[in-house]
There are 4 protein chains.
Amino acid sequence: MENKEKAAHIQKKMYDKDWFSQWLGIECIDSGAGYSKLKMVVRKEMLNGFGIAHGGITYSLADSALAFASNSHGRMAVSIETSISHTESLVEGDIIIAEAEELSLSNKIGVYQIKVSKPDHKVVALFKGTVYRTGKEWFPGSSTSPIKN
Amino acid sequence: MENKEKAAHIQKKMYDKDWFSQWLGIECIDSGAGYSKLKMVVRKEMLNGFGIAHGGITYSLADSALAFASNSHGRMAVSIETSISHTESLVEGDIIIAEAEELSLSNKIGVYQIKVSKPDHKVVALFKGTVYRTGKEWFPGSSTSPIKN
Amino acid sequence: MENKEKAAHIQKKMYDKDWFSQWLGIECIDSGAGYSKLKMVVRKEMLNGFGIAHGGITYSLADSALAFASNSHGRMAVSIETSISHTESLVEGDIIIAEAEELSLSNKIGVYQIKVSKPDHKVVALFKGTVYRTGKEWFPGSSTSPIKN
Amino acid sequence: MENKEKAAHIQKKMYDKDWFSQWLGIECIDSGAGYSKLKMVVRKEMLNGFGIAHGGITYSLADSALAFASNSHGRMAVSIETSISHTESLVEGDIIIAEAEELSLSNKIGVYQIKVSKPDHKVVALFKGTVYRTGKEWFPGSSTSPIKN
């Protein structure tokens, strides 16, 4: 299986049972080895007491992007530590796009940056995530388990 | 207005319009100056593709606790940077409790730790949040705007 | 070997070859299982262009506390991700104390909070550190490798 | 004064009194608006008990890059919260380069990513820093105080 195809496969497998990402209305725009791009729309029930999107909404979108990107190589990966800076407020109807970039990948640890932005490329949140790569494979026998960096 | 009473007042005012915290089913157990304690139950639609609670769920609960605790002094506060470590998986039906502790408070910046745990005190997530304290008051004319540390 | 004795042993072994902690003038005040307490004095060559202690100084002290606390159980541990909030400026001659608290410990991952404060307990920095616990032992054959939380 | 010239001016002014950056042997390779690039060599007195560079060394280099980049616009900026992932070990003699990228800039808050890498571009540490932009100018009367994003 090619890298991009495998990534799409795993992402679909994860997404199909990811009830919360589905509730958020997340749409998978693109995927690849160490990569994922997701999109969603801010709805009324996602707002907090200030009338803007709850911090948990952008975090959740970015965290899904982290999960898809870090599992894309074929080995199951779990989040260890994540951080997010909210740089811009969001209101109902805003469209947001999360794009994951793999900053570093070793045998056990992967580090990712996820930028969340509006369609006009205005950055609304910056997320950094560190994952632990377990020994379990998504498709036993087929993984190439790359190590980069 | 006493500190504890004021904190409860502000928390109620925030919560009443916080549609996402309501969707999460968050229950406000306690509040005080620089303090808040929240509770919720993990539901099926909060699970991810691994069948465990999406990282965004514990983050969102902790982020609400941060908002309530950091706004409790009377001045509006906004999150600048937050980080979370997920230390334990959660399944459907799990009860989780978030408790905020104010680690530092200056005129402009507040730092909080929020521990998310199960009723048996097992820690499931550790959250650190830094807020910027704006000049806006929740109840203009009544705030004491304490500075600690 | 008792836990506290073992922790002191490992800390001494690490410190004796830790040239940078020695340059910082770090003094080990206390240690224990998952615990360490360190002290140092801010010197002129530790200041930055604002005439206050460089952020790297408090970070380094806290990072040494993280290393000593997380290695204290007998298994070698390496830092994965750390964060620090600088809440108070420091000038030449200031004494600072770092105290590590183990927030969570599993087979592979440990999470620690380190508070850096002045002798009057004013908090000057708040540090959170996540470590990966390797399979290597400090004293092969003697470790109990506890798992908490 | 042009942006790049002003940045170089401020960086020089900061560096000339930054005793710790000088002790580290930091060399300023490049600077610009929201940008800085620094270089240093790992010396024996920078090693920890494992015989590799203490985490405080890469942190300090990255923190200096944050200070230079975030002050470059003309307004004094102070670090609020920083995080670092150490992805690769360093030994005596290793050359490391830190390059700052401005991810977001508003009136009060700036967010920066600093990559620390070896000359062969291998990433050894990933740093994210958030600063608070004070109202003080480096050169009163001359600043343009840009707001981006």
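Here is a walk through this structure, from a single chain to the way the chains meet. Keep in mind as you look that this is a predicted model.

Let's start with chain A on its own. It's built from three helices and six strands. If you follow the sequence from start to end, the elements of chain A come in the order α-α-β-β-α-β-β-β-β. So how far does chain A reach along its principal axes? Its C-alpha trace spans about 50 × 30 × 25 Å. The radius of gyration of chain A is 15 Å, and because a compact globule of 149 residues would come out near 15 Å, the two agree.

Now look inside. Of the 149 residues in chain A, 52% are buried. The contacts also say something about how the chain folds back on itself: take those in chain A between residues at least 6 apart in sequence, and 69% of them join residues at least 24 apart.

Next, bring in a partner. Chain A can be superposed on chain B by a rotation of 180° with 0.0 Å of shift along the axis, and the RMSD is 0.0 Å. Want a landmark for that axis? In chain A, the C-alpha nearest to it belongs to Ser83(A), 1.9 Å away. The two copies meet through the same surface, since 100% of the interface residues of chain A are also interface residues in chain B.

Chains C and D are worth a look too. A turn of 180°, with a shift of 0.0 Å along the axis, lays chain D on chain C with an RMSD of 0.0 Å. The two copies are therefore related as by a two-fold rotation axis. Here the C-alpha of chain D nearest the axis is that of Ser83(D), at 1.9 Å. Again one surface does the job for both copies: 100% of the contact residues of chain D recur in chain C.

What does that contact consist of? Chain D gives 31 residues and chain C gives 31 residues. On the side of chain D that touches chain C, the elements giving two or more residues are α1 (3-16), α2 (19-24), α3 (55-71) and β3 (75-86). β3(D) supplies the largest share of that side, eight residues. By type, the residues on this side of chain D split into twelve nonpolar, 13 polar and six charged.

Finally, zoom in on that strand. β3 of chain C, residues 75-86, pairs with β3(D) in the antiparallel sense, over five bridges. And which residue of β3(D) is the bridge partner of Ser83(C)? That's Ser83(D), whose C-alpha is the one in chain D nearest the axis.

Key:
Residues numbered from 1 in each chain as written. Chains lettered and ligands numbered in written order. Predicted model: local features only at pLDDT ≥ 70, side-chain atom pairs only at ≥ 80, totals over all residues. Least-squares fit on C-alpha atoms with pLDDT ≥ 70 in both. Contact = placed C-beta atoms within 7 Å. Helix = DSSP H or I, 4+ residues; strand = E, 2+ residues; numbered from the N terminus. Nonpolar A, V, L, I, M, F, W, Y, C, P; charged D, E, K, R; others polar. Pairing = 2+ DSSP bridges. Rg over C-alpha atoms; globule rule 2.2 N^0.38 Å. Buried ≥ 20, exposed ≤ 12 C-beta atoms within 10 Å, placed from the backbone.
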